[in-house]
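Hi,

Here is the structure I promised to pass on to you. Have a look at it first, and then read on for my notes.

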Amino acid sequence: MSVTAVYPGTFDPITNGHAELIERAARLFERVIVAVAANPGKHPLFDHAERIGLAERVLADIPGVEVHGFDNLLVDYVHQCDARVVVRGLRAVSDFEYEFQLASMNRQLAPEVETVFLTPSERNTFLSATLLREIATLGGDVSPFVHTEVVAALRQRLG
């Protein structure tokens with residue numbers, strides 16, 4: 001049976017932690033759609049098209065992975081993709097309450113869609129795009145935490 005999974009997020013920018021979870025999800029599911037949320041309310045550093053492009057370049061070598069943008073309700077997007085699974089990452093206990101609430105609401109809206117949680121390796125447990133943006137903005141070296149494409153984009157954006 002072929003199962004499509006959707007891994008949604010803002011990916012502002014995509015980190016090595018995101019890429020690790022996507023690579024692992026691609027071993028579990030035949031097709032993984034990385035769904036880059038428009039999410040203008042978050043005031044992202046990179047616009048929607050830039051985030052999609054970065055994710056496409058970073059994930060280009062992972063078989064079965066596609067990158068798309070979306071700007072509607074997640075469960076509606078999951079249905080549009082004929083997917084049955086939402087993949088979410090849990091870095092720490094602090095993520096659990098929010099993610100559990102989202103998964104529970106999504107189950108109410110679409111009971112046929114399952115949420116699967118993946119945890120990152122120890123080297124990526126602390127990594128978040130928010131923390132990464134702050135380090136980059138203050139001139140710190142983020143190269144151990146992101147793909148070279150992201151390093152270049154951050155340097156270009158932040159000067």
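Below is what I found, going from the sheet to the helices, the charged pairs and a few spots on the outside.

One thing before you start: this is a predicted model.

**The sheet**

I'd begin with the strands. Five of them make up an open sheet, paired in parallel, and the order across it is 3-2-1-4-5. At the edges sit strand 3 (65-70) and strand 5 (114-118), each of which pairs on one side only. If you look from strand to strand, neighbours in this sheet are turned against each other by 30 degrees on average, ignoring direction.

For a closer look at one pairing, try strand 1 (residues 4-9) and strand 2 (residues 31-37): they run parallel and are joined by six bridges. Gly9, for example, has Val36 in strand 2 as its bridge partner.

**Helices on the sheet**

Helix 1 lies across strand 1, strand 2, strand 3, strand 4 and strand 5, and runs at about 125 degrees to strand 5. Helix 2 also packs on the sheet, where it touches strand 2 and strand 3. The direction of helix 2 makes about 175 degrees with that of strand 3.

**Charged pairs**

Side chains of opposite charge can pair when their charged atoms come close. How many salt bridges are there here? The count comes to seven, and I'll walk you through three of them.

The pair Arg24 and Glu20 stays within one helix: both residues lie in helix 1 (residues 16-28), four residues apart, which is about one turn of the helix. Their side chains meet in a salt bridge at 3.3 Å, N to O. Are these two buried or exposed? Glu20 counts as buried because its relative accessibility is 11%, under the 20% cut-off. Arg24 has 24% relative accessibility, so Arg24 counts as partly exposed.

Next come Glu50 and Arg157, whose side chains form a salt bridge at 2.5 Å, N to O. This pair links distant parts of the chain, with Glu50 in helix 2 (residues 48-59) and Arg157 in helix 6 (residues 148-158), 107 residues apart. Glu50 is partly exposed at 28% relative accessibility, and Arg157 is partly exposed too, with a relative accessible area of 34%.

The third pair is Arg88 and Glu99, with a salt bridge of 2.7 Å, N to O, between their side chains. Here again distant parts of the chain are linked: Arg88 belongs to strand 4 (residues 85-89) and Glu99 to helix 4 (residues 93-109), eleven residues apart. Both Arg88 and Glu99 are buried.

**A nonpolar patch and a loop residue**

Which residues make the nonpolar surface patch? Leu73, Met105 and Leu109 do, and the patch covers about 290 Å². Leu109 is part of helix 4. With a relative accessibility of 46%, Leu109 counts as partly exposed.

Finally, take a look at Glu112, which you'll find in the loop between helix 4 and strand 5. Glu112 is partly exposed, at 47% relative accessibility. Leaving aside residues up to four places away in sequence, Glu112 touches His79 and Arg84. From Glu112 to Leu28 it is 84 residues in sequence and 19 Å in space, C-alpha to C-alpha.

Over to you, and happy browsing!

Conventions
Residues are numbered from 1 along each chain as its sequence is written. This is a predicted model: local features need pLDDT of at least 70, side-chain atom pairs count only at pLDDT 80 or more; totals for chains, interfaces and linings use all residues. Side-chain values use heavy atoms; hydrogens and water are left out. A salt bridge is a side-chain nitrogen of Lys or Arg within 4 Å of a carboxyl oxygen of Asp or Glu. Helices (H or I, at least four residues) and strands (E, at least two) are DSSP runs, numbered from the N terminus. Buried means under 20% relative accessible area, exposed over 50%, partly exposed in between (1.4 Å probe, protein chains only). Patches are made of residues with over 30% relative accessible area and no salt bridge: like charges are joined within 9 Å, nonpolar side chains (Val, Leu, Ile, Met, Phe, Trp, Tyr) within 5 Å. Accessible areas come from the Shrake-Rupley method with a 1.4 Å probe; for residues, only the protein chains shown count as cover. Two strands pair if DSSP finds at least two bridges between them. Axes are lines fitted to C-alpha atoms, for helices over the stretch in contact, and angles run from 0 to 180 degrees between N-to-C directions. Contact means heavy atoms within 4.5 Å.
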